[in-house]
Amino acid sequence: MEDSSNSQKNSQQNRYRSWIRKAFNYFNIEKEIESHDSIYDEILKGIVFKGTNLWILFFAIIIASVGLNMNSTAVIIGAMLISPLMGPINGMGYAMATYNFALFRKAVKNFTFAVVISLVASTAYFAVSPISIAHSELLSRTSPTIYDVLIALFGGLAGIVAISSKQKGNVIPGVAIATALMPPLCAAGYGLASGDLYFFLGAIYLFTINAVFIALAAMGISQVLNFPIRTIVDSKQRQRVNSMTSILTIVVLLPSIYFGYGLVQNEKFGDRAAKFINAVSTYQENYLLKSDVDTKQRKINLVYGGKVLSEFEKGQIKKLATGFELSESNVIIEQGLKFDELGEKENELFTLKQEVNTLHSQLNEKDADIAAQNQKKYVGESLLNEIRSIYPQIESCSYSDALTYSESNPEPVPLAIAVFTLDNNELSEAERQKIKTWLRARINHENLKVIFEYVPAVKTKTN
């Protein structure tokens with residue numbers, strides 16, 4: 001029984017080992033690796049910056065600068081595809097792995113030359129470009145984090161593996177796009193051209209991250225693949241190289257960790273702020289008109305419209321922020337449109353409209369009075385024309401409105417006066433009464449005084 005149990009265990013263990021070997025075989029690249037001499041020649045060829053490589057670098061820098069200036073992602077990708085900057089970086093990593101100091105110095109020299117040429121070209125372009133606005137493509141190259149380290153590291157691993165393999169495929173162009181060596185240099189040129197030190201330092205730091213970790217990736221793969229050491233190196237030199245590599249890695253890595261932590265905290269703050277803003281979009285007849293979240297300063301600015309918010313109500317809104325893991329000091333509340341003030345303005349406007357209407361009515365009355373007065377000038381003429389058809393002996397007519405004052409009546413009494421001038425043909429008393437009756441109905445006036453006089457008397461008086 002024990003023998004059969006042991007044999008079953010051994011059989012199961014053998015199956016596990018077989019599966020593990022098959023899994024490792026899938027990742028085994030020994031059969032696909034180029035000869036060491038071919039890899040060395042390819043690394044050496046990529047280091048050199050003169051002739052074709054130099055012109056391609058210059059053209060790529062200008063293309064990338066235009067792409068960043070115009071905020072065109074497609075143009076930037078095109079510049080990264082043709083950029084030859086990966087060559088000396090891989091050369092530095094390979095040289096460190098094989099302790100080839102002559103090759104390392106050559107790679108550093110050519111790399112420095114390429115960086116200087118790139119900075120000069122990009123700075124010159126942005127100095128003469130009429131467009132000076134820093135678009136999103138430029139801004140994104142000034143805030144590196146630990147995530148950029150991961151991109152550079154794994155991109156560099158893919159790049160050196162592709163260089164070492166017989167089946168290169170389209171890995172190298174993909175690595176050039178992923179690691180993005182060219183845009184940070186152009187962004188640094190923009191910082192120099194605009195005099196923005198913060199912009200320049202952020203872009204140069206991103207470029208440094210990409211260059212260092214691509215080189216470290218190349219160094220690691222070169223050691224894993226046991227590339228031959230072509231020079232005589234003692235243990236002290238190896239230890240010095242390894243120490244310097246470790247120090248450089250830590251110095252470049254630590255700031256990116258700090259910035260990465262800040263990025264994560266900013267994202268968390270922005271997410272909590274969005275939930276808080278959604279929760280306080282309305283508050284007791286107040287409506288959120290505008291909200292602004294500053295993740296760097298940790299500030300949330302809220303502008304409300306509605307009735308006037310008291311300090312107590314503002315404090316209540318701020319207290320709600322604690323439920324979203326936000327500090328009350330993070331929240332700034334401003335009063336925007338006030339409905340109470342709007343109501344007061346509407347009342348003032350209504351009052352003004354009433355006053356305007358009153359003035360308009362008074363003006364109309366004045367106009368009517370003036371028109372009536374003007375019409376009264378011609379009342380005598382109208383009366384004369386009407387009465388002469390019946391009594392031709394009436395030669396003229398005068399009409400006017402007057403006021404009668406008396407001690408018995410404190411208020412003056414309106415009086416209409418009509419004066420008819422006759423020729424020698426006298427009117428009878430009955431005719432005179434008939435004229436008075438007609439005139440009272442004609443002018444519709446309660447107090448009427450009619451005077452009849454003769455031409456001779458008028459002429460004597462005139463003379």
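Is Ser291 buried, exposed or partly exposed? In this predicted model, Ser291 comes out as partly exposed, because its relative accessible area is 35%, and that value falls between the 20% and 50% cut-offs. The residue sits in strand S1, which covers residues 286-294. Setting aside residues up to four places away in sequence, Ser291 touches Ile277, Asn301 and Leu302. One of these partners, Asn301, is 10 residues along the chain from Ser291, and the two C-alpha atoms are separated by 5.6 Å.

Stepping back to the whole chain, the secondary structure adds up to 17 helices and 6 strands. The chain has 463 residues, and 34% of them count as buried. About 28000 Å² of surface is exposed, with carbon and sulfur atoms supplying 58% of that area. As for how the chain folds back on itself, take the contacts between residues at least 6 apart in sequence: 72% of these join residues at least 24 apart.

Ile76 gives a local view of such contacts. This residue is found in helix H4 (residues 73-82), and it counts as buried because its relative accessibility is just 1%, against a cut-off of 20%. Once neighbours within four places in sequence are left aside, Ile76 is in contact with Ala64, Gly67, Leu68, Glu137, Arg141 and Pro183. Glu137 is 61 residues from Ile76 in sequence, yet the C-alpha to C-alpha distance between them is 9.0 Å.

Next come the aromatic rings. A pair of rings can be described by how far apart the centres are and by the angle of the planes. The count for this model comes to 13 aromatic pairs. One of them joins Tyr40 and Tyr94, a tilted pair with 6.1 Å from centre to centre and 50 degrees between the planes. Tyr40 belongs to helix H2 (residues 36-47) and Tyr94 to helix H5 (residues 86-98), so this pair ties together parts of the chain that are 54 residues apart in sequence. Both Tyr40 and Tyr94 are buried.

Trp55 and Phe59 make another tilted pair, with 5.6 Å between the centres and 35 degrees between the planes. Here both residues lie in helix H3 (residues 52-70), 4 residues apart, or about one turn of the helix. As for accessibility, Trp55 counts as exposed because it reaches 55%, which is over the 50% cut-off. Phe59, at 44%, is partly exposed. Elsewhere, ring pairs link Tyr125, Phe126, Tyr190 and Phe199 into a cluster.

Then there is the empty space. Rolling a probe the size of a water molecule over the atoms shows where such space is left. The largest pocket holds about 610 Å³. Its lining consists of 21 residues, and those nearest the centre are Ser143, Tyr198, Phe259, Asn266 and Lys296. Which helix gives the most to this lining? That is H12, with 7 residues. Helix H11 (197-224) and helix H12 (235-279) each supply at least two residues of the lining. By chemical character, the lining of the largest pocket divides into 9 nonpolar, 8 polar and 4 charged residues.

Finally, a couple of backbone angles deserve a look. Most residues other than glycine have a negative phi. Asn226 goes the other way, with a positive phi near 55 degrees. This residue lies in the loop between H11 and H12, and it counts as exposed because its relative accessible area is 58%. Glu325 also has a positive phi, about 60 degrees, although it is not a glycine. Its place is in the loop between helix H13 (311-320) and strand S3 (331-338). With a relative accessible area of 64%, Glu325 is exposed.

Conventions
Residues are numbered from 1 along each chain as its sequence is written. This is a predicted model: local features need pLDDT of at least 70, side-chain atom pairs count only at pLDDT 80 or more; totals for chains, interfaces and linings use all residues. Side-chain values use heavy atoms; hydrogens and water are left out. On a 1 Å grid over the protein atoms alone, a cavity is a set of points where a 1.4 Å probe fits but cannot get out, and a pocket is an open set with protein on both sides within 12 Å along at least five of seven lines; lining residues have an atom within 4 Å of a point. Grid points are joined across faces, edges and corners, and a volume is the space filled by probe spheres set on the points. Ala, Val, Leu, Ile, Met, Phe, Trp, Tyr, Cys and Pro count as nonpolar, Asp, Glu, Lys and Arg as charged, and the others, Gly among them, as polar. Rings of Phe, Tyr and Trp (its six-membered ring) pair if their centres lie within 6.5 Å; planes under 30 degrees apart count as stacked, over 60 as edge-to-face and the rest as tilted. Buried means under 20% relative accessible area, exposed over 50%, partly exposed in between (1.4 Å probe, protein chains only). Contact means heavy atoms within 4.5 Å. Accessible areas come from the Shrake-Rupley method with a 1.4 Å probe; for residues, only the protein chains shown count as cover.
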